[in-house]
Amino acid sequence: MSTEVSRPTRPGTPSSPPALRPERRVPRVFYLMVLPALALFAVFHTVPLLTGMFFSLTNYAGYGEWSFVGLRNYVNLFGDDRIYGAYGFTFLFAIVSTVAVNIIALSIAIALNGRIRFKTGFRGIFFIPNILSILIVGYVFNYLFSNSVPAIADALGITSLTTSILASPDTAWIGVVILSVWQAAAFNIIIYLAGLQTIPTELYEAAALDGASPWKQFTSITFPMIGAFFTINMVLSLKNFLQVFDQIVSLTAGGPGTSTESISLLIYRGGFQGGEYGYQTANAVIYLFVIIAISFIQLRVLQRREASF
Amino acid sequence: MKLPHGPATRALRYVAGGASLALVLSGCTAQDDVVTLDFFQFKPEAVANFAAIIDEFEAANPGIRVVQNHVPDADTAIRTLLVKDKTPDVLTLNTNGRYGELAKACVFADLSDLPVVEQVRPAVRDIVEDLGSCDDGEVNAVPFSSNASGILYNRDLFAQYGVEVPTTWDELLAAARTFEAAGVTPFYTTVKDAWTMGPAFVNLGGALQPEDFFDRLRAEGSDVASGEVSFSKDYPEAMEKLTTLYGFGQDGAAGRDYNAGNAAFAAGESAMYMQGSYAIPAIRAVNPDVNIGSFPYPATNSPEETVVVSGVDVGVSIGRDTEHPEEARRFVEFLMSPEVVERYAQEQSAFSPLATAADSTDPALAGLAPYFEDNRIIGFIDHQLPASLPLPQYLQELVLGGRTEDFLATMDREWSKIAARTIPNEKD
């Protein structure tokens, strides 16, 4: 990235006079504008991050005395099956939710981009979940899953739904997926809508003249043209779902048992409630690198697909 | 994490002190040297009780102002305060395993020279001492109120179906079967809230485990599998009995929480309820006329072995580094005066931990009170488990249809792992 920025703006004049050197003209004010943000980022993000990494090398409980333990926290992490369980749940949840949210958001975005009545009104309505607090929505869904859905199922005679899906370790994760997808779809719809509006209508007119079916138009025009938006939605939603926390706190609190315990929840519980601050910080450091690696790989793969078009 | 105690901090403190003094003066209160105590109060049900106590204290001690802070999830909140080095001056905590960990980390002041410590029942004092303290012989929390865990029952339903209060395990099963046959739910169970399985666990486990189980388990360290005691070896009976009792629960228990349970028991929907004395105020809040009785878990068929599980519901501590130790002590002494302790015990259906206290007169506690007064009590065994072991979650899995062997194996495995990764500090 940086090489592109510092490249001379006029490639035809590499040996231009000193007065026209691009570095001299703007930079200082730019640096001044970036500086406050950089300082805030360093103080509130980088410093805590490094402090956390430091404490992952100690037996700190969050209070009291501590001493250095080297890499023993990291070694112990690899023998902890509770952490493997949390990884299993988190990845299952994140992958299912990412696929579901992108299919649903793209379908709704296409519908909202078509010539329908009350288009603006619908766009507003579909954006509402994004501005609601996840915790509040979570408690509402908790009530719906625990009381309303079983009551309705009872009245309709659907026996498989008469007990709350949150009450069984095998189905509770589905409840978390439903809440998360409902809440996250709103933001993805907006991004897809923005993408859909960049496609020139002439392409569709030409395709219609050639007799292309709507499905053919979707696979050959719409989807390839919004490739960049698809990439960013996939990367952002997977990353967000891997960090799932509020949804679980409000819906299942990790239960029943430990069946919906995500990695973030485990870190919070063990670190702040369980007095294993150092150990769970080590877990968090590893998870940070896992998420960075996944996002990086995902970006590379998806961008290559974009480029091939 | 600690601020340096350099001249800069001191100067800052004077400035802050001056500013607050100026505020007081400009407020025309004309009171010099009013000391404000930061009082961390963990029990949401008791906010009004403590507010009244504080009013009386402030009236008697014009130079001291007490600010009550109460938060949801106090165990987490106190830890975040400690991380920030903002230990409250005076605090109440549920005297549980987490309290023990904080006490061992030397967060609380030593109160062993307070005269009131001598007036506390020896058995209650032992329960607190077993949780640990900063140094041998230190007292880091004074018990303010005690609870007792047993089985609550609906006296009217017992009379209606002619069931006697069970004193043995077989009688308990027979009583449950009688109610089941009559179409009355024997136990209202609240499996959605994982912690509500804890009381049955501590009662059955505490009564049936071998002597000094946890001391021996701790001595084994991470080598539980080949050790002499383990959950797999010593807990099958307790867990079988626990799942048997939960088998008598109502339909749809997996979707019911503690609040729903209190409401249902208050409405007479079940004959018995596996909760302790602390649930009584909440049940009465729903239906003041419910006729509650209580009895201890008859874990075996010999009534003379029956004990009551009792914990210190509220313990009072002082922050080790408080700037107002004198005032804090005066407040704690006021809190621990017999009138205050006994009035609180009455209002909250709790037991007074003071040896001089009159016997409890609450009819709901009548079945448990004799055990308490005879010192036939044991502590909550879950307070002996490390806080990072998610016992409630594992109990929930078991009750929802898990296998006892899996539960016990998980407990052993988690215990070993935590023992292996807990690296003690060098003692200095």
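Student: Which residue of chain A meets the side chain of K417(B) in a salt bridge?
Tutor: In this predicted model, the N to O distance for the pair is 2.4 Å. The pair crosses between chains, starting from K417(B) in helix 18 of chain B and ending in helix 5 of chain A. The partner of K417(B) is D81(A).

Student: Is K417(B) buried or exposed?
Tutor: The cut-off for a buried residue is under 20% relative accessible area. K417(B) has 13% relative accessibility. K417(B) therefore counts as buried.

Student: Which residue forms a salt bridge with D81(A) at 2.6 Å between the closest N and O atoms?
Tutor: This pair also runs between chains, with one end in helix 18 (residues 404-421) of chain B and the other in helix 5 (residues 81-113) of chain A. D81(A) is partly exposed at 29% relative accessible area, and its partner is partly exposed at 37%. That partner is R413(B).

Student: How many residues apart are D313(B) and K43(B)?
Tutor: Their side chains meet in a salt bridge of 2.8 Å, N to O, and both residues are buried. D313(B) sits in strand 9 (residues 308-318) of chain B, while K43(B) is in the loop between strand 1 (35-40) and helix 2 (47-60). The separation is 270 residues.

Student: What parts of chain A does the aromatic pair of Y60(A) and Y277(A) tie together?
Tutor: The rings are edge-to-face, 5.6 Å centre to centre with 85° between the planes. Y60(A) is buried at 4% relative accessible area, whereas Y277(A) is partly exposed at 21%. The two residues are 217 apart in sequence, so the pair ties together the loop between helix 3 (27-55) and helix 4 (72-77), and helix 14 (residues 277-308).

Student: Which helix gives the largest share of the nonpolar patch?
Tutor: The patch covers about 1,100 Å² of surface, and its members include L135(A), Y139(A), V140(A) and V249(A). V140(A) is partly exposed at 44% relative accessibility. Nine residues of the patch come from one element, residues 134-156 of chain A, which is helix 7.

Student: Where in chain B does D136(B) lie?
Tutor: D136(B) belongs to a surface patch of negative charge with D126(B), E129(B), D130(B) and D135(B). D136(B) counts as exposed, at 77% relative accessibility. Its place is the loop between helix 5 (122-130) and strand 4 (142-149).

Terms used:
Residues numbered from 1 in each chain as written. Chains lettered and ligands numbered in written order. Predicted model: local features only at pLDDT ≥ 70, side-chain atom pairs only at ≥ 80, totals over all residues. Heavy atoms only, no water. Patch = residues over 30% accessible without salt bridge, like charges linked within 9 Å, V, L, I, M, F, W, Y side chains within 5 Å. Areas by Shrake-Rupley, 256 points an atom, 1.4 Å probe, with all protein chains shown as cover. Salt bridge = Lys/Arg side-chain N within 4 Å of Asp/Glu carboxyl O. Lys, Arg positive; Asp, Glu negative; His and termini not counted. Charge placed at Lys NZ, Arg CZ, Asp CG, Glu CD. Helix = DSSP H or I, 4+ residues; strand = E, 2+ residues; numbered from the N terminus. Buried < 20%, exposed > 50% of the residue type's maximum accessible area, 1.4 Å probe, protein only. Phe/Tyr/Trp six-rings, centres within 6.5 Å; stacked < 30°, edge-to-face > 60°.
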